[in-house]
Amino acid sequence: MAEEERPTRIRYEDAMHAAKHGGGVDFEGREVRVVSFEPKSGLFEAPSARLTLDLGDEYLVLLGYFSAGEFMETSRERPLSDAT
């Protein structure tokens with residue numbers, strides 16, 4: 001495996017609820033807004049989910065899968081923000 005898996009402490013149910021209702025989750029010790037949550041079929045295959053988080057000053061896209069209900073990050077992307 002090229003990249004190391006990192007547990008995020010983000011639960012499937014919390015991510016799904018936050019994405020549907022404009023809520024947030026605890027990520028790396030702070031509350032962040034869930035912009036989108038895109039689970040794919042095969043929940044236990046890496047990567048099987050894409051989670052986009054609003055960190056306040058930037059967006060962060062986490063790619064990974066769920067193991068025992070917890071999101072395991074396999075990689076992350078920092079999409080460019082709109083230039084204004």
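Let's start with Arg6. At 35% relative accessibility, Arg6 counts as partly exposed. Keep in mind that this is a predicted model. Which residue does Arg6 meet in a salt bridge? The partner is Glu73, with N to O at 2.4 Å. Glu73 lies in strand β6, residues 70–77, and Arg6 in strand β1, so this pair ties together parts that are 67 residues apart in sequence. Now look at the burial of Glu73. Its relative accessible area is 2%, so Glu73 is buried, the cut-off being under 20%.

Glu73 has another salt bridge to show you. Its side chain also meets that of Arg76, at 2.7 Å, N to O. Arg76 counts as partly exposed, at 28% relative accessibility. Step back and you see a network. Salt bridges link Arg6, Glu28, Glu73 and Arg76.

How many salt bridges does the structure hold? The count is 6. One more deserves a look. Arg50 forms a salt bridge with Glu77, and their closest N and O atoms are 3.9 Å apart. Arg50 sits in strand β4 and Glu77 in strand β6, so parts 27 residues apart in sequence are tied together. Both partners are partly exposed. For Arg50 the relative accessibility is 29%. For Glu77 the relative accessible area is 35%.

On to the strands. Strand β2 covers residues 24–27, and strand β3 covers residues 30–39. They pair in the antiparallel sense, over 4 bridges. Find Asp26, and you will see Glu31 of β3 opposite. The hairpin of β2 and β3 has 2 residues between the strands. What does Glu28 do in this hairpin? Glu28 takes a positive phi, near 50°. You met Glu28 a moment ago, in the salt-bridge network.

β3 has a further partner. That is strand β4, residues 49–54, joined to β3 by 6 bridges. These two strands also run antiparallel. Here Ser36 stands opposite Thr52 of β4.

Next, the helix. α1 spans residues 12–21. Which residues of α1 are buried? They are Ala15, Met16 and Ala18. Seen down the helix axis, the buried residues fall within an arc of 165°, so they line one face of α1. What covers them? The cover includes β1, β2, β3 and β4. Now turn to the face of α1 pointing away from the buried side. There you find the exposed residues Glu13, His17, Lys20 and His21. Just after α1 comes Gly22, with a positive phi of about 65°.

Now the inside. The largest nonpolar core has 17 residues. Those with the most contacts inside this core are Ile10, Val25, Phe27, Phe37, Leu51, Leu53 and Leu62. Which elements supply at least two residues each? They are α1, β2, β3, β4 and β5, the last being 59–67.

Take Val25 as an example. Leaving aside residues up to four places away in sequence, Val25 touches several others, among them Ile10 and Leu53. Its contacts also include Ala15 and Ala18, two of the buried residues of α1. From β3, its neighbours include Glu31, the residue that stands opposite Asp26.

Last topic: the aromatic rings. There are 4 aromatic pairs. One of them joins Tyr12 and Phe66, edge-to-face, 5.0 Å centre to centre with 80° between the planes. Tyr12 lies in helix α1 and Phe66 in strand β5, so the pair ties together parts 54 residues apart in sequence. Is Tyr12 buried or partly exposed? Tyr12 is partly exposed, with a relative accessible area of 24%. Phe66, by contrast, counts as buried at 2%.

Phe66 pairs again, with Phe37. Their ring centres are 5.8 Å apart and their planes stand at 85°, so this pair is edge-to-face. Phe37 belongs to strand β3 and Phe66 to strand β5, so to speak distant parts of the chain, 29 residues apart, linked by the pair. Phe37 is buried too, with a relative accessible area of 10%. Put the rings together and you get a cluster. Ring pairs link Tyr12, Phe37, Phe66 and Phe71.

One residue to take away: Phe37. This residue is among those with the most contacts in the largest nonpolar core, and it also belongs to the ring cluster. That's my tour. Thanks.

Conventions. Residues are numbered from 1 along each chain as its sequence is written. This is a predicted model: local features need pLDDT of at least 70, side-chain atom pairs count only at pLDDT 80 or more; totals for chains, interfaces and linings use all residues. Side-chain values use heavy atoms; hydrogens and water are left out. Two strands pair if DSSP finds at least two bridges between them. A nonpolar core is a set of buried Ala, Val, Leu, Ile, Met, Phe, Trp, Tyr and Cys residues joined through side-chain atoms within 4.5 Å. Buried means under 20% relative accessible area, exposed over 50%, partly exposed in between (1.4 Å probe, protein chains only). Contact means heavy atoms within 4.5 Å. Rings of Phe, Tyr and Trp (its six-membered ring) pair if their centres lie within 6.5 Å; planes under 30 degrees apart count as stacked, over 60 as edge-to-face and the rest as tilted. The arc is that of the directions from the helix axis to the C-beta atoms. A salt bridge is a side-chain nitrogen of Lys or Arg within 4 Å of a carboxyl oxygen of Asp or Glu.
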